[in-house]
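Please find below my comments on the model, set out point by point. They cover the fold, individual helices, charged pairs and the surface.

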Amino acid sequence: DTDYEDMLIAKVFLFQFVNSYIVLYYTAFLKGKVKLPGSRDEPCKPSCMEELTMQLGSIFLTQLAIGNVKEVLIPYMMFRLNVWLEAQALRRSGMKVVAALSRAEEESKLQAYESTFDDYNEMIIQYGYVTLFVVAFPVAPLAALANNLIEVRSDAFKLCTALQRPPYRGAEDIGTWMTILEIMSVLAVVTNCALVGFTSKVFAKRAFVERLWIVVIAEHVILVIKFVISELIPDQPKWVEEEMARRSYEEEHADSEEESSVDMGLEESEEEDEEDEEAFDVASIHSEEF
């Protein structure tokens, strides 16, 4: 199951990546420079950087609003509609009084929570909008922060009232999503450096070779800093590691004590059996003497 989910996540997200960001990459680096088949060769108006900012802002903010409505409002409305339709069907069947549904009956009318894929996919797509083109739309992190503060409560409302209770599924980590985040972090550094070097007007007066060297050097410096920070800061705090080691030791010690107590109990029972056998033999000897 894990291998299947990893492959599914990789394939579906690759499609989502192209579908979500291809227009922005085209506007940032190719529009007015490369003519696509069947398209008009129109330059950016007023500039590619400003057009990219408008596109990113409109797409990003629209998706935030639509995502919240689709996640919370639609499932809740479908639940209420299903309850109302069932009540109407019972009334048409001849029942004059329709009893109120119990909590279990209400939850049976809710939509099932399939998996965490859609929630992870939404967050990763949002992460891409925030990081890949942050130079063109610096307000994106602030908008994402405000949305995520609302998203915490809307997801809680969705899971508690609009969807069936999800079954428990243990997991070691977030799986392929972590690899996708690492790839997008590196891609964000390269994309933003290229935006500053080739799309913006910061180095417009410099030759192409000079701008290329600036982009390559800046990108390498930022990536080195990124990897150094990731190595210096551990994934788990020291106190968490110590607590996990303590609990692991306690569990092993408890298991060993339980095994030793079981062994001692077996030895005591064997000794009691031997004593009973000896007592039985002595009693049988005395009975024979009589």
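The points below go from the overall fold to single helices, then to salt bridges and the surface.

1. Status and overall fold. The model is predicted, and local features are described only where pLDDT is at least 70. The protein has eight helices and zero strands; read along the sequence, the pattern is α-α-α-α-α-α-α-α.

2. Contacts and burial. Of contacts between residues at least 6 apart in sequence, 77% join residues at least 24 apart. Of the 290 residues, 26% count as buried. The protein exposes about 20700 Å², and carbon and sulfur atoms supply 63% of that area.

3. Helix H4. Helix H4 runs over residues 117-132, and its 16 residues should span 22 Å at 1.5 Å a residue. The end C-alpha atoms are 22 Å apart, so the span agrees with the expected value. The buried residues of H4 include Phe-117, Ile-124, Ile-125, Tyr-129, Val-130 and Leu-132. Asp-119, Asn-121 and Gln-126 are also among the buried residues of this helix.

4. Helix H5. How far does helix H5 span between its end C-alpha atoms? H5 covers residues 140-162 and spans only 29 Å, whereas a straight helix of 23 residues would span 33 Å. H5 also has a kink of about 25°, centred on Glu-151. Glu-151 is itself one of the buried residues of H5. Others in that list include Ala-140, Ala-143, Ala-144 and Ala-162, together with Asn-147, Ser-154, Asp-155 and Lys-158.

5. Salt bridges in helix H8. The salt bridges of the model come to five. Side chains of opposite charge can pair when their charged atoms come close. In one of the pairs, the side chains of Glu-243 and Arg-246 meet at 2.4 Å, N to O. Glu-243 also forms a salt bridge with Arg-247, with the closest N and O atoms 3.2 Å apart. Glu-243, Arg-246 and Arg-247 are thus named together as a network of salt bridges.

6. Spacing and exposure in that network. Glu-243 and Arg-246 both lie in helix H8 (residues 238-289), three residues apart. Glu-243 and Arg-247 are four residues apart in H8, about one turn of the helix. An α-helix has 3.6 residues a turn, so residues three or four places apart point the same way. Glu-243 counts as partly exposed because its relative accessibility is 27%. Arg-246, at 38%, is likewise partly exposed, while Arg-247, at 51%, counts as exposed.

7. The Arg-206 and Glu-210 pair. A further salt bridge joins the side chains of Arg-206 and Glu-210, at 3.7 Å from N to O. Is Arg-206 exposed or partly exposed? At 44% relative accessibility, Arg-206 counts as partly exposed. Glu-210 is partly exposed too, with a relative accessible area of 40%.

8. Nonpolar surface patch. A nonpolar patch of about 1200 Å² lies on the surface. Its residues include Phe-208, Val-209, Leu-212, Trp-213 and Ile-217. Val-221, Val-224, Ile-225, Val-228, Ile-229, Leu-232 and Ile-233 are also part of the patch. Of these residues, Ile-217 lies in helix H7, which covers residues 208-232.

Conventions. Residues numbered from 1 in each chain as written. Predicted model: local features only at pLDDT ≥ 70, side-chain atom pairs only at ≥ 80, totals over all residues. Heavy atoms only, no water. Patch = residues over 30% accessible without salt bridge, like charges linked within 9 Å, V, L, I, M, F, W, Y side chains within 5 Å. Areas by Shrake-Rupley, 256 points an atom, 1.4 Å probe, with all protein chains shown as cover. Salt bridge = Lys/Arg side-chain N within 4 Å of Asp/Glu carboxyl O. Helix = DSSP H or I, 4+ residues; strand = E, 2+ residues; numbered from the N terminus. Buried < 20%, exposed > 50% of the residue type's maximum accessible area, 1.4 Å probe, protein only. Expected span 1.5 Å × (residues − 1). Bend = angle between axes of the 7 residues up to and from the residue. Contact = heavy atoms within 4.5 Å.
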